[in-house]
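Visitor: Could you take me on a close look at one part of this model? I would like to see how the strands are put together, and which side-chain pairs link them.

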Amino acid sequence: MNQYRKETVMQPTQDHFIKINNRKQLEISGVKEVDSFDNEEFLLETIMGYLIIRGENLQLKNLDVGSGSVLIKGKVYELSYVDEESEGKAKGFFSKIFK
């Protein structure tokens, strides 16, 4: 009798979504931590990896740590994720931020 080992894959217990309204407002769920932010760039740790938001006149309008939701207003230019697979890029990026 063959026995198969059943491996469990850890699924996030919370959904991660981004809603953009006219490039002027971002609603993000699944946020674990706001690492840094200023009026041109936000660095958020989400359940799906680090998320970088770049723009102009960015403002943190609402942060609900209990539900992991964030509301950001301002003109959005770019959203990008930094994954573990691109660790070399991440180190370069983080070294620029935390000089």
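Guide: Happily! Let's start where four bridges join strand β2 (residues 25-28) to β6, the two running antiparallel. This is a predicted model, in which local features need pLDDT of at least 70 and side-chain atom pairs count only at pLDDT 80 or more, while totals for chains, interfaces and linings use all residues. Residues are numbered from 1 along each chain as its sequence is written, and side-chain values use heavy atoms, with hydrogens and water left out.

A word on terms: strands (E, at least two residues) and helices (H or I, at least four) are DSSP runs numbered from the N terminus, and two strands pair if DSSP finds at least two bridges between them. Along β2, Leu26 has Ile72 of β6 as its bridge partner, and Ile28 stands opposite Val70 in β6. Val70 also has Leu63 standing opposite, and that brings us to the other neighbour of β6. Twelve bridges join β5 to β6, again antiparallel. The hairpin of these two strands has four residues between them, and there Gly68 takes a positive phi near 75 degrees.

Now step back to the whole sheet. Six strands form an open sheet in the order β1-β2-β6-β5-β4-β3, with antiparallel pairing. At the edges stand β1 (18-21) and β3, each with a single partner strand, so one side of each is left without a neighbour in the sheet. From one strand to the next, the twist averages 40 degrees; axes here are lines fitted to C-alpha atoms (for helices, over the stretch in contact), and angles between N-to-C directions run from 0 to 180 degrees. Along the chain, the elements read β-β-β-β-β-β-α from the N terminus, which gives one helix and six strands.

Let's zoom in on one residue of β5. Leu60 lies in that strand, which covers residues 49-64. Leaving aside its neighbours within four places in sequence, Leu60 is in contact (heavy atoms within 4.5 Å) with Phe37, Phe42, Val70, Leu71 and Ile72. Val70 and Ile72 are familiar from the pairing with β2, as partners of Ile28 and Leu26. The C-alpha atoms of Leu60 and Lys73 are separated by 6.6 Å, although the two residues are 13 apart along the chain. Leu60 is partly exposed, its relative accessible area being 28%; on this scale buried means under 20%, exposed over 50% and partly exposed in between, with a 1.4 Å probe and protein chains only. In a regular strand the side chains alternate between the two faces of the sheet.

Next come the charged pairs. The structure holds three salt bridges, each a side-chain nitrogen of Lys or Arg within 4 Å of a carboxyl oxygen of Asp or Glu. In one of them, the side chains of Glu41 and Arg54 meet at 2.6 Å, N to O. Glu41 lies in strand β4 and Arg54 in β5, so this pair ties together parts 13 residues apart in sequence. Arg54 also meets Glu78, at 3.1 Å, N to O. Since Glu78 lies in β6 (residues 69-82) and Arg54 in β5, that pair ties together parts 24 residues apart in sequence. Glu41, Arg54 and Glu78 are thus linked in a network of salt bridges. How covered are these three? Glu41 counts as partly exposed at 21% relative accessibility, Arg54 likewise at 24%, and Glu78 is partly exposed too, with 33%.

The remaining salt bridge joins Glu45 and Lys32, at 3.7 Å, N to O. It links distant parts of the chain: Glu45 sits in β4 (residues 41-46) and Lys32 in β3 (residues 31-37), 13 residues apart. Lys32 is exposed, with a relative accessible area of 56%, and its strand, β3, stands at an edge of the sheet.

Finally, some totals for the chain. Of its 99 residues, 25% count as buried. Among contacts with a separation of 6 or more, residues 24 or more positions apart account for 45%. The chain exposes about 7500 Å², with carbon and sulfur atoms supplying 47% of it; such areas come from the Shrake-Rupley method with a 1.4 Å probe, and for residues only the protein chains shown count as cover.
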